[in-house]
Amino acid sequence: IDVIVIPVKRYTGLIAYEPKALREIFRWLAVAMGRNTVIAHNCLFDLFVLCYKYNIPFPIDIFDTMIAWHRAGFAEIEKSLGHLISYLTNMPYHKSEGVFDPSNSSQEQSLWSYNGKDISSMIECYFNLQVIIDKTPGARDSVNQAMRSIRPYLTIMYKGMKIDTVKYIEMFDSYEKKSSQLERCLKIITGRDLNPRSPKQVEEYLYRDMGLPE
């Protein structure tokens, strides 16, 4: 996969292009992100920064490989891009190669190479994830639901949300109380401290200990 890395700033601290050219890069980045599916890993950070600092609108169509990995059934496994690359691809591990604050041209080239490897490996992760998602019952609907939620969450992060604070606190307290009650009931029913948020613990209880068919 050929990757073009477009730096914004040089190691000297100066911008990489004339101001007019840099504005054009940002403008076309916004256009490209608005017209295509944007694939990213942990995009809630990067896309928020692009919007907040550089006025690049949130994309409409987003696929986050970290969220997809979680929804595809790997909720309790490490979700960093490095781990996904190791699990999903045969590409060499490069996450220890980056120089994130270059002080010379050679280190700058190393950073650009690192960024390019991030992109090419993430693309391979994306396609290999599609295979896993399609083979996992219910995963496609779950992943799609999560992807549709990204832009609304980003918008709330950026704009904030009007709420009735008093009502919110009352609801939160009531849910906390109900949650505690349900967890006590669960402990009595199962005879153990079962964490219902752990797919592994639930699986072991239902299929191994209770003997239910998978």
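These are legends for five close-up views of a predicted model.

**View 1. Helix 2 leaning across helix 6.** Here we're looking at helix 2, which covers residues 43-54, and helix 6, which covers residues 139-159. Their axes come within 10 Å and cross at roughly 50 degrees, and that makes helix 2 oblique to helix 6. As for handedness, this crossing is right-handed. On the helix 2 side, the residues in contact are Cys43, Leu44, Leu47, Phe48, Cys51 and Tyr52. Helix 6 answers with Ile150, Leu154, Met157 and Tyr158.

**View 2. Helix 4 against helix 5.** The two axes sit 9 Å apart here, and the helices pack at an angle of about 60 degrees. Helix 4 and helix 5 are therefore oblique to each other. Helix 4 goes past helix 5 in a left-handed crossing. Four residues to pick out in helix 4 are Leu81, Leu84, Ile85 and Leu88. They meet a run of helix 5 residues: Asp118, Ser121, Met122, Cys125, Asn128, Leu129 and Ile132.

**View 3. A salt bridge between Lys117 and Glu97.** Zoom in on these two side chains and you'll find them paired at 2.8 Å, N to O. Lys117 belongs to helix 5 (residues 105-135), while Glu97 is in the loop between helix 4 (81-88) and helix 5, so the pair ties together parts that are 20 residues apart in sequence. The full count for the model is ten salt bridges.

**View 4. Where helix 5 meets helix 6.** The helices in this view pack at an angle of about 125 degrees, and their axes are 7 Å apart. That angle makes helix 5 oblique to helix 6. The contacts bring together Gln130, Ile133 and Asp134 from helix 5 with Ala139, Arg140 and Val143 from helix 6. Helix 6 is also the partner of helix 2 in View 1, where residues such as Ile150 and Leu154 make the contacts.

**View 5. A nonpolar patch on the surface.** Six names to look for in this one: Ile156, Met161, Ile163, Tyr168, Ile169 and Phe172. Together they make a patch of about 610 Å². Which helix gives the largest share of the patch? That's helix 7 (residues 165-190), with three residues. Tyr168 is a handy landmark to start from, as a patch member that is found in helix 7.

Methods. Residues are numbered from 1 along each chain as its sequence is written. This is a predicted model: local features need pLDDT of at least 70, side-chain atom pairs count only at pLDDT 80 or more; totals for chains, interfaces and linings use all residues. Side-chain values use heavy atoms; hydrogens and water are left out. Patches are made of residues with over 30% relative accessible area and no salt bridge: like charges are joined within 9 Å, nonpolar side chains (Val, Leu, Ile, Met, Phe, Trp, Tyr) within 5 Å. Accessible areas come from the Shrake-Rupley method with a 1.4 Å probe; for residues, only the protein chains shown count as cover. A salt bridge is a side-chain nitrogen of Lys or Arg within 4 Å of a carboxyl oxygen of Asp or Glu. Helices (H or I, at least four residues) and strands (E, at least two) are DSSP runs, numbered from the N terminus. Axes are lines fitted to C-alpha atoms, for helices over the stretch in contact, and angles run from 0 to 180 degrees between N-to-C directions. Angles under 35 degrees count as roughly parallel, over 145 as roughly antiparallel, 65 to 115 as roughly perpendicular and the rest as oblique. A crossing is left-handed if the near helix is turned anticlockwise from the far one by less than a right angle, and right-handed if clockwise. Contact means heavy atoms within 4.5 Å.
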